[in-house]
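Here are my comments on the model, set out as numbered points. I have kept to what can be read from the coordinates and have grouped the remarks by element.

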Amino acid sequence: MLFDTDIFIWVQRGNVRAARLIEKEEERLLSLQTYLELLQCAENRQQHEQTKSFLKTFGFVTLALTENIGHRAAVYIEEYALSHGLRAGDAIVAATATQHGLTLCTSNAKHFAPIQDLKTKIFKP
């Protein structure tokens, strides 16, 4: 399963349900976009290290941004940015999931709703 940035934020806030969701998945994946967003949100080097340690401890694999993912994300932006407000980061995350045939776990159902070929698991905190 591919985890969206918001799931990690719920874990950081102490949401036990989000932590259990991660723990019960055998294959834990995140997009490069999510990895960058997690590091960007860190306020200092210690938080960078905590984030990297968490990802390593739970065996997360970061999926690279490939040419195909970039192309698919661009198509999503062309199709949904004006009509639904889709942002570039969400387009990259969605494209990563669809390119790899993965389900995206997110609590932001609205962000991803217009993307027809995206499989989602909606987390309700």
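**Notes on helix packing, salt bridges and burial**

1. Helix α3 passes α4 in a right-handed crossing. The model is a predicted one, and this should be kept in mind for each of the points here. The two helices, α3 (residues 32-41) and α4, pack at an angle of about 145 degrees, and their axes lie 8 Å apart. On the α3 side the contact is made by Y35, L38, L39 and C41, while α4 contributes Q47, H48, T51, K52 and L55.

2. Y35, which has its place in helix α3, deserves a separate remark. Leaving out residues up to four places away in sequence, Y35 touches L30, K52, L55 and T62, and two residues of this set, K52 and L55, belong to the α4 side of the helix contact. The C-alpha atoms of Y35 and T5 are separated by 7.9 Å, although the two residues are 30 apart along the chain.

3. Q33 also lies in helix α3, and its relative accessibility of 18% means that Q33 counts as buried, the cut-off being under 20%. Once neighbours within four places in sequence are set aside, Q33 is in contact with G89, I92 and V93. These three residues are among the buried residues of α6.

4. How many salt bridges does the structure hold? There are 2, and one of them joins the side chains of K52 and E49, with an N to O distance of 3.4 Å. Both residues sit in helix α4 (residues 45-57), where they are 3 residues apart, or about one turn of the helix. K52 counts as partly exposed at 35% relative accessibility, and E49 likewise counts as partly exposed, at 38%.

5. A salt bridge is also formed between D117 and R72, whose closest N and O atoms are 3.2 Å apart. D117 lies in the loop between α7 (109-112) and β5 (119-122), whereas R72 lies in helix α5, so the pair ties together parts that are 45 residues apart in sequence. D117 counts as partly exposed, with 44% relative accessibility, and R72, at 24%, counts as partly exposed too.

6. Helix α5 (residues 67-84) has 18 residues and reaches 24 Å from its first C-alpha to its last, which is close to the 26 Å expected at 1.5 Å a residue. A reader examining the helix should nevertheless note a kink of about 35 degrees in α5, centred on I77. The buried residues in α5 are I69, A73, Y76 and Y80, and what covers them includes α6 (88-100). Just after α5, G85 takes a positive phi of about 75 degrees.

7. Is A81, a residue of helix α5, buried or partly exposed? At 24% relative accessibility, A81 counts as partly exposed. With residues up to four places away in sequence not counted, A81 touches Y76 and L86, and Y76 is one of the buried residues in α5. The C-alpha atoms of A81 and A91, which are 10 residues apart along the chain, are separated by 9.1 Å.

8. For α6, the end C-alpha atoms are 18 Å apart, in agreement with the 18 Å that its 13 residues should span at 1.5 Å a residue. Of those 13 residues 10 are buried, so α6 is largely enclosed by the rest of the structure. The buried residues are G89, D90, A91, I92, V93, A94, A95, T96, A97 and T98. G101 follows α6 and has a positive phi, near 65 degrees.

9. A last point concerns D6, which is found in helix α1 (residues 5-12) and which counts as buried at 9% relative accessibility. Not counting residues up to four places away in sequence, D6 touches T106, S107 and N108. D6 and E78, by comparison, are 72 residues apart in sequence and 24 Å apart in space, C-alpha to C-alpha.

Conventions: Residues numbered from 1 in each chain as written. Predicted model: local features only at pLDDT ≥ 70, side-chain atom pairs only at ≥ 80, totals over all residues. Heavy atoms only, no water. Helix = DSSP H or I, 4+ residues; strand = E, 2+ residues; numbered from the N terminus. Expected span 1.5 Å × (residues − 1). Bend = angle between axes of the 7 residues up to and from the residue. Buried < 20%, exposed > 50% of the residue type's maximum accessible area, 1.4 Å probe, protein only. Contact = heavy atoms within 4.5 Å. Salt bridge = Lys/Arg side-chain N within 4 Å of Asp/Glu carboxyl O. Axes fitted to C-alpha atoms, helices over the stretch in contact; angles between N-to-C directions. Left-handed = near helix turned anticlockwise from the far one by under 90°.
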